[in-house]
Each structure stands twice: as structure tokens, then as C-alpha cells.
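Visitor: I have a model open and would like to go through it bit by bit. Can we start with the terms and then take the parts in turn?
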Amino acid sequence: MRNGITRREVLIGSAAALGLAACARQPQARRARPQVSVVRAPAYTQQVYDTVRRLVAEHRLEVRGRRVVLKPNLVEYEPGSSINTHPMVVHAGLEAFRALGAQVAIAEGPGHRRSTLDMAEAAGYFEVIPGFEDLFTDLNLDEVSRVRLRRPVSRLTSLYLPHTVLSADLLVSMPKMKTHHWAGATLAMKNLFGVVPGGVYGWPKNVLHWAGIHQSIADLHSLFPRQFAIVDGIVGMDGNGPIQGQPKPVGAIIAGSDPVAVDATCCRMMHIEPGRIEYLTLAGGLERIKAENTQQIGENPDDLSTPFALIKEWQGLRRNRV
Amino acid sequence: MRISDIQNVSIEEIQAFQNPDGGWPYQQGSSWTEPTAYALLAQCAGEKAGWDTARAVDWLSGAQRADGGWPPRRSVEQSTWVTALVALLPPAVAGEERHARAVDWLVGQTAMDTTLLFRMRELLLRGKLPEDRACGWCWFPGTAAWVTPTCLATLALRKCYWQRPSAALRERIEGAREFLMARRCADGGWNHGSAISLGFNAGSYPETTGQALLALEGSDPAQLQDSFRLGQRMLGECQSAAGAAWLRLGLAAHEQLPADTPPPARVCRTVADAALIYLARVAEQGYNVFLE
């Protein structure tokens with residue numbers, strides 16, 4: 001990668017960061033405990049729409065007239081599997097943010113498979129979300145600008161990123177709750193790998209692996225200061241995720257404005273010790289990801305927690321292991 | 001008109017998406033090197049000799065970087081895998097000198113996972129050298145080798161080798177073919193390039209299976225029987241236009257495309273998809289632009 005960076009790129013990156021920071025309600029005080037909602041959602045039924053609408057509403061996001069981008073996790077052509085974020089959850093998010101007066105778009109850039117729209121069609125997005133093709137941007141093929149990383153923890157100094165996410169006032173990460181054979185767990189933060197454009201970096205986006213997977217996740221997180229996360233934990237995936245694992249019913253949707261706190265909560269629900277997920281400690285620090293430093297809303301996460309099977313390489317992540 | 005509205009996949013339909021600057025977008029918006037190179041390849045394979053390619057060639061020529069390679073789009077300041085696509089064009093299209101520099105850039109690329117430094121690091125960390133010594137190409141410099149860029153670079157260098165044989169080209173082509181055989185999945189096909197991950201077998205994709213078969217044209221058919229069978233089965237299940245096109249190109253290169261195969265029924269999502277369907281159709285009529 002070159003060393004220099006143009007004034008235009010700095011301006012675009014700064015504008016994006018300011019836009020994201022200005023969005024929604026007044027930012028919580030830096031040291032305030034982030035709020036994380038855990039709600040029961042036993043199945044992919046019409047009830048999901050009401051659940052997501054209430055969940056988004058309770059966070060009192062001020063998004064009227066703002067541009068909100070929903071970023072689901074699309075990985076493979078396997079309808080009915082637990083690989084992709086369920087289209088009903090994404091549609092529920094779309095309707096919830098529209099109800100708040102936001103302009104809502106959906107965008108994703110898968111890491112391995114190139115035909116994103118075909119995959120979305122196979123995953124049921126065309127069927128469930130009316131006008132999906134008009135709402136959707138393939139982030140792998142979007143217009144891009146280079147953005148400098150201010151204090152990178154990876155070897156990256158800058159990244160080309162799609163205008164659709166750079167120009168968003170609020171980026172909503174909508175992952176599936178899954179284990180991941182390289183990262184331990186893939187949740188709201190790891191889901192941001194999908195904003196890195198394959199059209200520039202390829203399929204897979206191997207620059208992120210060479211720069212350090214955990215470090216790259218932390219760096220991507222730092223580039224988007226105004227995020228919201230809605231994790232599809234109705235049926236997750238355990239074992240050899242994120243593709244070859246087994247469906248894991250959890251019956252929950254987890255959400256909040258701080259993806260670090262949301263991911264840490266999800267980890268605890270998966271019986272994974274968040275302090276052993278390197279990208280969480282890089283982005284949040286050990287103190288920030290402790291349960292007592294998160295304000296839980298709704299259900300007690302322990303009531304919905306269930307042990308996710310871990311491949312042998314990740315057995316050390318198990319929470320409270322002896 | 002949307003790309004998905006394309007019905008017949010003709011040169012005219014592809015041309016309709018050309019930007020005023022001479023290049024092509026993937027779907028809409030700015031021009032990118034990949035769809036522009038595929039649109040020009042389709043033109044080269046077609047019979048519309050009267051089509052004015054000057055603007056497209058100007059766009060492509062203006063995008064070449066000082067190091068001889070091409071960036072994915074003009075605003076990206078890095079030469080990448082798309083250089084192989086431009087090198088697949090006949091040298092006369094962008095000019096002999098530009099073409100030669102593109103080939104030199106390709107030959108000079110080394111994936112990080114085949115460098116001596118990486119192998120020594122693996123020896124120190126894991127106590128053994130990686131078994132896979134074959135050398136492929138990466139998507140983006142400074143990263144590992146993967147199937148698609150290796151296939152496209154192999155095809156480009158083969159065309160060059162037939163015109164100007166050299167030991168350096170031969171070595172890279174043979175190394176790339178070894179790489180492809182080493183990365184073949186247990187089912188006989190290819191995915192992005194990770195056949196086994198943490199001890200688990202991974203499945204193949206139609207796109208990369210077709211690409212690898214095309215790049216392995218001329219290989220011993222006995223070694224590829226499982227790949228042929230899988231590719232033929234994938235034809236009926238494939239869910240992307242590009243996948244169907246690459247499978248047809250790859251199977252046709254080995255004369256393994258069943259005669260009664262219906263044309264791809266999938267919707268074109270990008271200009272590249274449309275160009276690939278066109279190129280596959282022309283290949284079935286006897287002219288495979290990737291091999292001639």
C-alpha cells in the first residue's frame with residue numbers, strides 16, 4: 001500500500017466519521033455503561049417484527065431523516081441453514097428503522113462468494129424483503145475511497161472502503177450468532193469484514209488475515225464510531241462455524257449501540273469467555289467487556305445462555321472452565 | 001435498463017452499459033478494470049469488427065500503473081490481480097509494449113505464502129515446512145495465493161508462452177498448475193483456495209471449478225475425471241450466471257460439456273457476468289478467447 005493519502009480521501013473519511021458520530025441520540029458519556037438488550041425470540045415468526053421494533057425503540061435512537069445502513073451477514077447459498085442472517089430479522093430491522101423515520105438501505109460484501117445478489121436470492125432475501133434489489137448495495141462492488149487508520153493495531157495503515165457505509169449516519173451490524181474457526185466467535189464486530197470491498201482486495205479479503213484477523217477487526221470497529229448491533233441469535237451456529245457448523249437454537253435477539261458490549265454479552269450467552277476473544281480485548285479492554293460494566297436490558301442473559309460447541313482449537317475459550 | 005434485464009447477452013447489450021469515460025461499471029457508476037477487460041474480451045471474441053473499442057482501450061491504457069500492472073479501478077493506487085485480465089487481451093488491443101509490461105508484472109508477483117521467509121517462519125512456529133510448495137497468484141500484493149487469480153494469471157501467461165516461449169514463463173505456468181492440483185477439494189472441484197480448513201474438508205464452487213478446469217486445459221484427463229463429473233453435476237445446480245459460464249468454459253476446454261446442456265438460465269448481475277456468458281457461448285461455437 002502507498003504511504004501518502006490525498007486531501008480528498010482525508011475529507012471523505014473525516015466527513016464519514018463526523019456523520020456517524022453526529023447520528024442518533026447524544027452519545028453516552030465515554031465512561032457510561034453501555035446498554036445491551038436481550039430479548040426472547042424463539043422462532044422466525046411474525047412476532048420477530050414486533051420484537052425488533054420494540055428493541056430498537058427502547059434504545060431511543062434519533063435517526064429521523066438519517067441514512068441507516070443495515071449490514072447482514074451473507075456467506076453461502078444455503079437457504080434454511082444457519083449460516084446467513086435470517087432475512088426476516090433484516091426485514092424487521094428495516095421496518096423498525098423506517099418506523100423511526102430513517103432512510104434505510106441494506107448492504108453486504110461477502111468474503112468468498114462473488115455473486116452477492118444470487119446468494120441473497122437463495123437465502124430468501126428477495127422473497128421476504130419487498131423491493132430488495134432496489135434497497136441493496138453490493139459492498140464488494142461499490143464506489144470506494146481510502147480512509148486512514150488513526151491508531152491502527154493491525155499492520156494496516158489505511159483501507160479502501162465503500163461509499164455506502166462511509167456516507168451512512170448509522171451502520172447497523174446484523175450478524176448471526178456463530179462460532180468462527182479463525183476468530184473464535186463471529187458477531188457484530190467480525191461482521192464488519194463484509195464492508196471491506198472484494199472488488200479492491202479480492203475474495204477472500206486476505207489483506208485482513210495478513211494484517212492480523214483480530215487486529216483488523218479492532219481497526220474496522222474503530223473506523224465506524226456510530227454503530228448499532230442487532231444479533232440474530234434465534235438460531236445460531238456452533239462447532240466448525242461460520243459455515244460448516246451445526247444449527248444452535250438460542251431463541252434470542254441481542255442489540256445495542258456498543259458492538260463491543262453486545263459481542264461480549266453474546267459470548268457469555270455462548271459460554272465463551274469474552275476476555276479470551278482477542279479482538280474484544282483489543283477494541284474494548286478487559287474492564288470494559290466485563291458483565292458488570294454493561295447495563296443489561298430485558299432478559300437476563302444467563303437465562304438464555306447455552307453452551308456453543310467449540311472445535312478443539314478453541315476449547316480454551318470456554319467460560320468458567322476448570 | 002438494469003443488468004438483470006439483459007436477455008440475449010449480445011455485444012450490443014454489453015456495450016449499452018459502457019460509461020462515457022470508455023470503461024464499464026460492474027453494475028452502475030464508475031468504471032472498473034475487471035468488467036472493462038471482460039467487455040473487451042467479449043468484443044475480441046465476437047464478430048462485430050465494426051464496434052469502436054477506441055474509448056475502452058483509452059480508458060484501459062490510462063489506468064495502467066508505472067509498475068506495469070493495473071489497479072481494480074483508477075482511484076485505487078495498487079496494481080492487483082486484474083492485471084491478468086488485461087494481459088488476456090490480444091497484445092494489439094492495448095499495445096505490445098503495455099502488454100509486455102503487464103506480463104512482466106505478473107511474472108514478478110510472488111504470493112507471500114510461498115516466500116522463503118514465510119516457509120522459514122512456518123518451520124520455526126510449527127516445526128515443519130508447509131507441504132504445499134507450488135506457487136500461485138494473490139488477489140492483492142502482500143497476501144497469499146488463491147484459485148481465481150492463479151487461474152487467470154496462468155491463462156494469460158499460457159497465451160504469452162505460445163507466442164514467445166521462455167523458461168521463466170514455463171516455470172510459472174507449471175508451478176501454477178501444481179498449485180491448482182494441490183488446492184483441489186476432496187469432491188474434485190475447487191473453491192476460493194482452501195480445500196481443507198483446520199482438518200475439515202471444504203466444498204467446491206462452480207465459478208472456481210470452471211476457472212481451474214480452464215486453466216488446466218491440456219492436463220492429463222485421467223487426473224481430472226472427478227472434476228469433470230463434478231463440473232457436469234454443478235451445471236444443473238449452479239445458482240449464478242458467472243458460475244454457469246465458467247463451468248461451460250472449463251468443461252468445453254476439455255470437450256466434457258454435454259451436448260444437450262441448456263444455456264444458462266441465471267440472471268446477469270454484473271457486466272462481467274454478461275460478458276462471461278457471451279464468451280462461453282462463443283467458446284462452444286469453437287473459439288475460446290482464453291485459450292487462443
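Guide: A residue is called buried if 20 or more other C-beta atoms lie within 10 Å of its own, exposed if 12 or fewer, and partly exposed in between, with C-beta atoms placed from the backbone. Helices (H or I, at least four residues) and strands (E, at least two) are DSSP runs, numbered from the N terminus. This is a predicted model, in which local features need pLDDT of at least 70, side-chain atom pairs count only at pLDDT 80 or more, and totals for chains, interfaces and linings use all residues. Residues are numbered from 1 along each chain as its sequence is written, while chains are lettered from A and ligands numbered from 1 in the order in which they are written.

Visitor: Fine. How many helices and strands in chain A?
Guide: Chain A has 13 helices and 12 strands. Of its 322 residues, 57% are buried.

Visitor: Take α3 of chain A. Mostly covered or mostly open?
Guide: Mostly covered, as 10 of the 13 residues of α3(A) are buried. They are A:P87, A:M88, A:V89, A:V90, A:H91, A:A92, A:G93, A:L94, A:A96 and A:F97.

Visitor: What do those buried residues pack against?
Guide: They pack against α2 (47-58), β2 (67-72), β3 (103-108), α5 (125-128), β7 (170-174) and β10 (227-238) of chain A. Contact here means that the C-beta atoms of two residues, placed from the backbone, lie within 7 Å.

Visitor: What span should α3(A) have, and what comes after it?
Guide: The expected span is 1.5 Å times one less than the number of residues. For the 13 residues of α3(A), 87-99, that gives 18 Å, and the end C-alpha atoms are 18 Å apart, which agrees. The helix is followed by A:G101, whose phi is positive, near 90°.

Visitor: Any helix pairs in chain A? What is the angle between α10 and α12?
Guide: Helix α10 (residues 213-223) and helix α12 (residues 278-288) of chain A pack at about 35°, with their axes 8 Å apart. Axes are lines fitted to C-alpha atoms, for helices over the stretch in contact, and angles run from 0 to 180 degrees between N-to-C directions. The crossing is right-handed; a crossing is left-handed if the near helix is turned anticlockwise from the far one by less than a right angle, and right-handed if clockwise.

Visitor: Which residues meet there?
Guide: From α10(A), A:H214, A:Q215, A:I217, A:A218 and A:H221; from α12(A), A:E278, A:Y279, A:L282 and A:A283. They divide into 5 nonpolar, 3 polar and 1 charged. Ala, Val, Leu, Ile, Met, Phe, Trp, Tyr, Cys and Pro count as nonpolar, Asp, Glu, Lys and Arg as charged, and the others, Gly among them, as polar.

Visitor: And in chain B, at what angle do α11 and α12 cross?
Guide: Helix α11 (residues 225-237) and helix α12 (residues 241-253) of chain B cross at roughly 145°, and their axes come within 10 Å. That crossing is left-handed. B:F228, B:G231, B:Q232, B:M234 and B:L235 of α11(B) make the contact with B:A244, B:L247, B:G250 and B:L251 of α12(B). The split is 6 nonpolar, 3 polar and no charged.

Visitor: Now the two chains together. How many residues does each put into the contact?
Guide: Chain A gives 28 residues and chain B gives 30 residues. On the chain A side, α4 (116-122), α8 (198-201) and α9 (206-210) each supply at least two residues. By class, that side has 14 nonpolar, 8 polar and 6 charged residues.

Visitor: Which peptide bonds in chain A are cis?
Guide: One is from A:W203 to A:P204, with omega near 10°, and A:P204 lies in the loop between α8 and α9 of chain A. Another runs from A:G241 to A:P242, with omega near 15°. A:P242 is in the loop between β10 and β11 (246-256) of chain A.

Visitor: Back to phi. What about A:R60, buried or exposed?
Guide: A:R60 is exposed, with 11 other C-beta atoms within 10 Å. Its phi is near 50°, a positive value in a residue other than glycine, and A:R60 lies in the loop between α2 and β2 of chain A.
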